[in-house]
Amino acid sequence: MAPSKRTHDTRLLWKLDRDHAIHPHSDLPTFEEEGCLIMARGEAAYVYDTEDRKYLDGIAGLWCVNIGHGREEIAQVMADQARELGYFSSFVDISNPPHAALAKKIVEIAPPHLNHVHFSSGGSDANEAIARTMHHYFHRLGKPSKRLFIARIHAYHGTTFLTASLSGKPEEKGAFHFADEWVHHVDFPGLYRAPEGMSPEEHLDQLGVRLEEKIHELGPENVAGFFAEPIMGAGGVLAAPDGYHRRMKEICDAHDILYASDEVVTGFGRLGHFFASGPVFDIEPDFIAAAKGLTSGYFPLGASLISDKVHDVIKRPAADSSYYSHGWTYTGHPIGCAVALENIRILEDERILENVRELGPYFEEKLATLRDLRLVGDTRGSHFMNCVEYVANKETKALLPAEANIARRIAAHGQKRGIIVRPVAHLNILSPPLTLDRSQIDFLVDALGESAEAATADLAAEGYLD
Ligand SMILES: Cc1ncc(COP(=O)(O)O)c(C=O)c1O
């Protein structure tokens with residue numbers, strides 16, 4: 001039964017939130033002035049604010065709500081599990097039924113060589129666990145000098161000290177310190193901003209050379225692992241040229257470097273598969289990180305999938321009696337694991353990945369129609385993971401000044417038209433629930449186009465455009 005609609009004092013909530021809640025990745029002075037929209041409920045692909053205004057959720061919460069909002073089955077599983085066993089430790093020699101069942105289910109849907117799972121509470125700690133497991137692996141192999149990590153500029157791997165350091169978004173490198181001794185970055189893929197006239201093959205060769213140069217600069221004997229999202233998400237939905245991940249993996253293998261595929265966004269259906277590394281990118285990574293779509297965001301849960309190759313080493317008894325001294329209070333959380341099992345059942349039973357495979361190309365084509373608009377430089381992405389890049393000049397690809405706030409402006413116009421899209425710098429990211437049908441894709445993209453036109457008119461009136 002759907003819950004009855006609650007009434008809210010929007011003004012009071014807005015003020016309480018603005019005065020006391022610190023939001024992730026927010027510009028605090030702007031937030032102090034503007035506060036934020038308060039979302040009250042959700043149903044299927046729609047969310048409703050505290051004034052009961054309805055929006056098509058173009059971002060699935062935050063690349064999360066793959067099965068859609070307000071699922072009664074999930075609410076039921078959560079309540080049942082909370083009554084039965086709301087929490088118990090998974091440390092050392094204790095488990096619980098959903099923990100065991102989910103570990104087994106995940107290895108069934110994962111590439112065949114990934115047969116071990118360590119659960120966390122989200123994506124950052126799933127990557128953090130992978131990094132620490134890489135260290136443990138090389139210690140066990142008697143190669144403790146292998147401890148450095150390589151990631152890509154514009155990557156996003158999380159917000160713990162190490163995973164924020166692995167992340168490579170230049171605009172996020174300002175006012176914090178990072179583990180610069182431990183983490184090194186190489187070029188990011190993406191043809192739109194590659195040198196003019198460069199072919200995908202040349203781009204791929206160049207990226208391969210850059211990785212090899214970096215490995216040799218650091219010394220292969222010092223490098224533990226390489227982290228890569230199959231398609232870079234928060235960094236701007238940057239897809240690599242065909243064969244990129246295979247090439248990078250070969251280079252890593254040649255230098256005894258472990259490969260972590262960060263599928264926190266691409267996992268659980270966004271590209272039409274439970275995991276994209278195998279079926280889409282044809283690689284066998286040593287690790288996969290997952291979160292978000294694992295529970296469709298209904299419960300905070302992450303997973304680090306670990307290959308047999310790594311597990312065979314880390315399970316060996318150590319001569320110095322050191323052990324795998326890593327793990328979280330919430331590893332194997334019974335409610336989170338029960339929710340994930342139900343989420344996977346829904347994805348399978350309702351053939352939601354098939355929907356993504358069928359409608360994904362249509363979504364990309366529909367979005368490409370926006371390229372005719374005055375400010376749209378590029379539309380890109382794959383299946384249900386897409387973005388629009390705005391430019392002042394399509395020839396030179398020059399950006400609008402930051403104070404024009406193009407992506408936020410368009411997102412605000414979008415809200416008036418009943419859509420939520422995510423503004424990131426000069427981009428709008430679209431990552432809706434995977435249940436969208438054709439008419440909802442049309443609505444989302446048409447409303448985004450109208451919003452871009454409205455923002456263009458504003459900017460022209462304000463003298464930003466020639
Ligand atoms: C690719 C990727 N990895 C890791 C993370 C971090 O996940 P979390 O915010 O759950 O810690 C994110 C979050 O957006 C992500 O997009």
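Colleague: In this predicted model, is S165 of helix α7 buried or exposed, and what is its relative accessible area?

Modeller: S165 is found in helix α7, which covers residues 161-166. A residue counts as buried when its relative accessible area is under 20%. S165 is therefore buried, with a relative accessible area of 3%.

Colleague: Which residues is S165 in contact with, once its neighbours within four places in sequence are left aside?

Modeller: Contact here requires heavy atoms within 4.5 Å. With those sequence neighbours left aside, the residues in contact with S165 are T160, K173, F178, A179, V183 and H185.

Colleague: How many disulfides does the structure hold, and how far from C36 is the nearest cysteine sulfur?

Modeller: The structure holds 0 disulfides. C36 accordingly takes part in none, and the nearest cysteine sulfur to it, which belongs to C64, is 17 Å away. A disulfide would need the two sulfur atoms within 2.5 Å, whereas for C36 the value is 17 Å.

Colleague: Why is C64 in no bond with its closest cysteine, and is C64 buried or exposed?

Modeller: The closest cysteine sulfur to that of C64 is in C337, and because the two are 17 Å apart they are too far for a bond. As for accessibility, C36 is partly exposed, with a relative accessible area of 26%. C64, with a relative accessible area of 16%, is buried.

Colleague: What span should helix α4 have at 1.5 Å a residue, and how far apart are its end C-alpha atoms?

Modeller: Helix α4 runs over residues 72-85 and has 14 residues, so at 1.5 Å a residue it should span 20 Å. The distance between its end C-alpha atoms agrees with that expectation, being 20 Å.

Colleague: Which residues of α4 are buried, where do they fall when seen down the axis of the helix, and which elements do they pack against?

Modeller: The buried residues of α4 are I74, V77 and Q81. Seen down the axis of α4, these buried residues fall within an arc of 60°, so they line one face of the helix. The elements that they pack against are α5 (97-109) and α11 (334-349).

Colleague: What is the expected span of α5, and what separates its end C-alpha atoms?

Modeller: At 1.5 Å a residue, the 13 residues of α5 should span 18 Å. The end C-alpha atoms of α5 agree with this expectation, their separation being 19 Å.

Colleague: Which residues of α5 are buried, and what do they pack against?

Modeller: In α5 the buried residues are P98, H99, L102, K105, I106, V107 and I109. A101 is also found in helix α5, but A101 is partly exposed, with a relative accessible area of 36%. The buried residues of α5 pack against α4, β4 (114-120), β12 and α11.

Colleague: Which residue caps the N-terminal end of α5?

Modeller: At the N-terminal end of α5, the backbone nitrogen of H99 lies 3.0 Å from a side-chain oxygen of the capping residue. H99 is itself among the buried residues of α5. The residue that supplies the side-chain oxygen, and so caps the helix, is N96.

Colleague: Which residues surround the ligand, and which side chain places an N or O atom 3.1 Å from an oxygen atom of the ligand?

Modeller: The ligand is surrounded by G122, G123, S124, N127, Y156, H157, G158, E229, D262, V264, V265 and K292. Two backbones take part in polar approaches, since a backbone N or O atom of G123 lies 2.8 Å from an oxygen atom of the ligand, and a polar backbone atom of Y156 is 3.4 Å from a nitrogen atom of the ligand; both distances are within the 3.5 Å limit for a polar contact. The side chain with an N or O atom 3.1 Å from an oxygen atom of the ligand is that of K292.

Colleague: Where does K292 lie, and what is its phi?

Modeller: K292 lies in the loop between β11 (287-290) and β12 (302-307). Its phi is a positive value in a residue other than glycine, near 35°.

Colleague: What is the phi of H25, and is H25 buried or exposed?

Modeller: H25 lies in the loop between α1 (10-20) and α2 (28-34). The phi of H25 is positive, although the residue is other than glycine, and is near 50°. With a relative accessible area of 54%, H25 is exposed.

Notes. Residues numbered from 1 in each chain as written. Predicted model: local features only at pLDDT ≥ 70, side-chain atom pairs only at ≥ 80, totals over all residues. Heavy atoms only, no water. Buried < 20%, exposed > 50% of the residue type's maximum accessible area, 1.4 Å probe, protein only. Helix = DSSP H or I, 4+ residues; strand = E, 2+ residues; numbered from the N terminus. Expected span 1.5 Å × (residues − 1). Arc of directions from axis to C-beta. Near = heavy atom within 4 Å. Polar contact = N/O pair within 3.5 Å; in protein donor to acceptor, adjacent residues only side chain to side chain.
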